[in-house]
Amino acid sequence: MSELLIRHACVVDPVNRISGEIMDLAVRDGRIVESVSDRAEVIDAQGFLTMAGGIDSHTHICGTKVNFGRYMSPEDMRAGRTLKKGQMHSTSGYSVPTTYGNSYRYATMGYTAVLEGAMAPLEARHTHEEFMATPLQDTMANVLFDGNWPVMEAVRDRDVKRVAAIVAWVLTAVKGFAIKITNPGGTEAWGWGKNVTCIRDPVPYFEVTPAEIIETLIRANEILRLPHSVHLHCNNLGTPGNYSCTIGSMDVAPDLNKERQSLYVTHVQFHSYGGTSWKDINSKAHVVADAVNRKPHIVIDMGQMMFGKTTTMTADGPMEFNLYKLHHNKWSNHDVELETGSGIIPVYYSRKSIVNSVMWAIGLELALLIKNPEQCLLATDNPNGSPFVKYPEIIALLMSNPYRQAEIATLPPETESRISLPAIDRELDWNEIAMMTRAGQGRALGLRKLGRGHLGLGAIADIAIYPLSIGAIDPSKEYTRVIEALRLTRYTIKNGKVIARDGEILSNRNKTTIWVRPKIPEQHRMDHDPDFIRNFERYYTVRMSNYPVQEAYVPESTCIETEAVW
Amino acid sequence: MVRVILDVKPRKNPFLPVEAECLVPKNFVDEREPRDLSVWVGNKERRLEEVVTLTREGTATSPEDVELVLRGDTSRFKRVGEYMEAGRITIEGDIGMHCGNLMKGGMIVIHGNADSWLAREMVGGTVRCNGDAHHYCASGYRGEKRGMRGGEVEVMGNAGDFTAEYLTGGSVTIHGNSGDLTGVEMAGGTLIVHGDCSRVCANMTGGTGYVYGMVHHMIPTFRFRETAIIGPEKVKMSVFEGDIANRGKGTLFIKVYKYPL
Ligand SMILES: [Zn+2]
């Protein structure tokens, strides 16, 4: 039995309606409890801001394309090197750091759980190997279904149960967490030298539309009762005028779940552009935010873009090819047989660029115009919009209008007529920030009931204590102090153990990989389906029996079993 | 003026690399310097005085007045003159990799040979190597899209492959032969090779190259413009534009060339 008592914590926990109360937190065996014995280890939180551990519901930190980002950019690996020290491994890299680099930086920012935004099923082993080398966060992986041949065939046949059965088999086989659709149909179409412009374009050969793929997968997701909803990266990323496609995609989603959203739309900043070309691009964040405000069954994340150097990586191969044609820098594209693809290029977002300035404003506008902060989560699509180490700056921007105005003043003057940010004076409070960085994520991922994203009795004792007395400062004026405090926790606690203190890592390992095994009726399982087996053996270059990821790849794991409603 | 002589002490393992980025004139201005200078020898950090014997002659008030003289076996001393802004470094023998990294000003003279990455991503100043320079002389480091941006590099002997890769500004002169892919991805500045080289300026987008010797494996995607008579020696040279495969606007003067078979 291990016990911990955190004294004088200034707790912000919106799930349990605690808003800046000074209180003690008792922890036994990794869970929050009513009280502990006087033998408990004691930590004095000195009245500092204390929240549940941060959760990143969309980030790219592990897997084949992340690793390709590393080795195509040795200059990025040279940026941000840290020496081996105590228990800490040496790390390197800025926008695509080593796995330890990611894990340490998240830990010192108070983050204890992360969702890898895109795992190609065929390449799942690589993701899990890197999860093993990400020692201080609980990890989950979205599984890509955007161009899955058997799924598209079942969608064409309007057989939602078959779609559910395929998803169940793949999720179990690759130890994945949720359904991800990236540019649905688009990457497959690109294999034919085409793309889809929006949700009504048919995918070559399969003759299904992105709208049909999205809607059928949402229904299949709820048949399987998966913890998370379908996680969508819309068609047409980064194209002027794409906002209408984004809203159209949201319109497709039925409202099927009372506990959480039915559709999670990711990095919406990249999907809220007006205009007809890069020359007249403008913000349509207000229109998209209106749509989200009217649809409580939709949750989005910001996909905030911050100025500076980074690397873009996505399963959206055709989009990355278009970016390459724009920048003429190094570029990589990749096809994953029968499933999906990917592309990677390094980028530099410049304050001098009107396009980049508009992008910067859009992410913030979304967060400020969407009324319920649990419907707009804080993320940068790390590292696509910016490396996650900039989260503290984003939080400060959301909390301070003067900070935003000071930043706007450094942008090209032509930007102002294209954005609505200068006129928005909303300043988020600590409750709202907690919702956007942990509570909302816990709900969106379906993990709130499992004790994540809050500090109620029975919750997992993942706790972040930041060196900031929130009663004594005004975030609107003292935004630089907010940034400083959120960069390095005084303590990051995971499962009741201190893993980081003042930027120093104190734990070798403290993690689990969460994956999902949906149970469906025996006779519908794909491992007994002659058609599925025949096509698998015919088209894949691997045998079906060699495809599933062995248990050895998830030595520390938590399997969520769900019972499908068939 | 101050002359600081750094005489390398005999080393048990002379092949161990020495990370010597502290060897820049500004660290030796003050009489009492060097106080806390250290170098990494292999994986051990050592005080500078454990590795070299220091002798000072004269006094100085600014880095411009400082000359460092490296004596003895410095062939494994890396990053000498890194970020140097002023003053002078004279190397009496050979020098290790990355000499003059990102240098901004001042002068480095090497009497022996230089290992790879001599004057990489240099911004200003002068580097002269009286011997040969190995690969990637005056180029960008791995993954970098801009190489040398300013200043002058002169190699009296031969240079290796990828010389002046990603050259963006300044001038590079090789008096002997240069290796394969000399001037590859060049975007600006001037490259002069007095001897032979191969696949010169492949993928170049800007700048000017001169080869007074023979170009082997001439890149076929350069457009021939004219024949011109160049310099006081009145050398007859072919003038090309390219690399058109990269929509390049560079100019290339070549005396003799051979296309690949
Ligand atoms: Zn993403």
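## Exercises on loops and a sheet in a predicted model

B:Asp243 sits in the loop that joins strand 17 (235–242) to strand 18 (250–257) of chain B. The model is predicted.

**Exercise 1.** Determine which peptide bond leading into B:Asp243 is cis, and find a cis bond in chain A.

*Solution.* Step 1: most peptide bonds are trans. Step 2: the bond from B:Gly242 to B:Asp243 has omega near 0° and is cis. Step 3: in chain A, the bond from A:Asn382 to A:Pro383 is cis, with omega near 0°. Step 4: A:Pro383 is also a loop residue, placed between strand 18 (376–377) and helix 13 (391–399) of chain A.

**Exercise 2.** State the sign of phi for A:Asp502 and for B:Tyr83, then classify the exposure of A:Asp502 and of B:Tyr83.

*Solution.* Step 1: most residues other than glycine have a negative phi. Step 2: A:Asp502 has a positive phi, near 50°, and belongs to the loop between strand 21 (497–501) and strand 22 (504–505) of chain A. Step 3: B:Tyr83 has a positive phi of about 60° and belongs to the loop between strand 7 (77–78) and strand 8 (88–91) of chain B. Step 4: partly exposed covers the range between 20% and 50%. The relative accessibility of A:Asp502 is 44%, so A:Asp502 is partly exposed. B:Tyr83, at 45%, is therefore partly exposed.

**Exercise 3.** Decide whether A:Thr415 is buried or exposed, and list its contacts.

*Solution.* Step 1: A:Thr415 lies in the loop between helix 14 (401–408) and helix 15 (430–444) of chain A. Step 2: its relative accessibility is 2%, and buried means under 20%. A:Thr415 is therefore buried. Step 3: the A:Thr415 side chain comes to 2.7 Å from the backbone oxygen of A:Pro412. Step 4: with neighbours within four places in sequence set aside, A:Thr415 contacts A:Ile354, A:Ser357 and A:Val358.

**Exercise 4.** Describe the open sheet with the order 15-17-16 in chain A, and name the helices that pack on it.

*Solution.* Step 1: the sheet has three strands with antiparallel pairing. Step 2: strand 15 (308–314) and strand 16 (332–336) are the edge strands, because each pairs on one side only. Step 3: neighbouring strands are turned by 15° against each other on average, direction ignored. Step 4: strand 15 and strand 17 (residues 340–349) of chain A pair over seven bridges; A:Gly308 has A:Tyr349 as its bridge partner in strand 17. Step 5: helix 1 (residues 64–72) of chain A packs on the sheet and touches strand 15, strand 16 and strand 17, at about 45° to strand 17. Helix 11 (residues 317–327) of chain A also packs on the sheet, touching strand 15, strand 16 and strand 17, at about 35° to strand 17.

Notes: Residues are numbered from 1 along each chain as its sequence is written. Chains are lettered from A and ligands numbered from 1 in the order in which they are written. This is a predicted model: local features need pLDDT of at least 70, side-chain atom pairs count only at pLDDT 80 or more; totals for chains, interfaces and linings use all residues. Side-chain values use heavy atoms; hydrogens and water are left out. Helices (H or I, at least four residues) and strands (E, at least two) are DSSP runs, numbered from the N terminus. Buried means under 20% relative accessible area, exposed over 50%, partly exposed in between (1.4 Å probe, protein chains only). A polar contact is a pair of N or O atoms within 3.5 Å; within protein, one must be able to donate a hydrogen and the other to accept it, and residues adjacent in sequence count only if both atoms are side-chain atoms. Contact means heavy atoms within 4.5 Å. Two strands pair if DSSP finds at least two bridges between them. Axes are lines fitted to C-alpha atoms, for helices over the stretch in contact, and angles run from 0 to 180 degrees between N-to-C directions.
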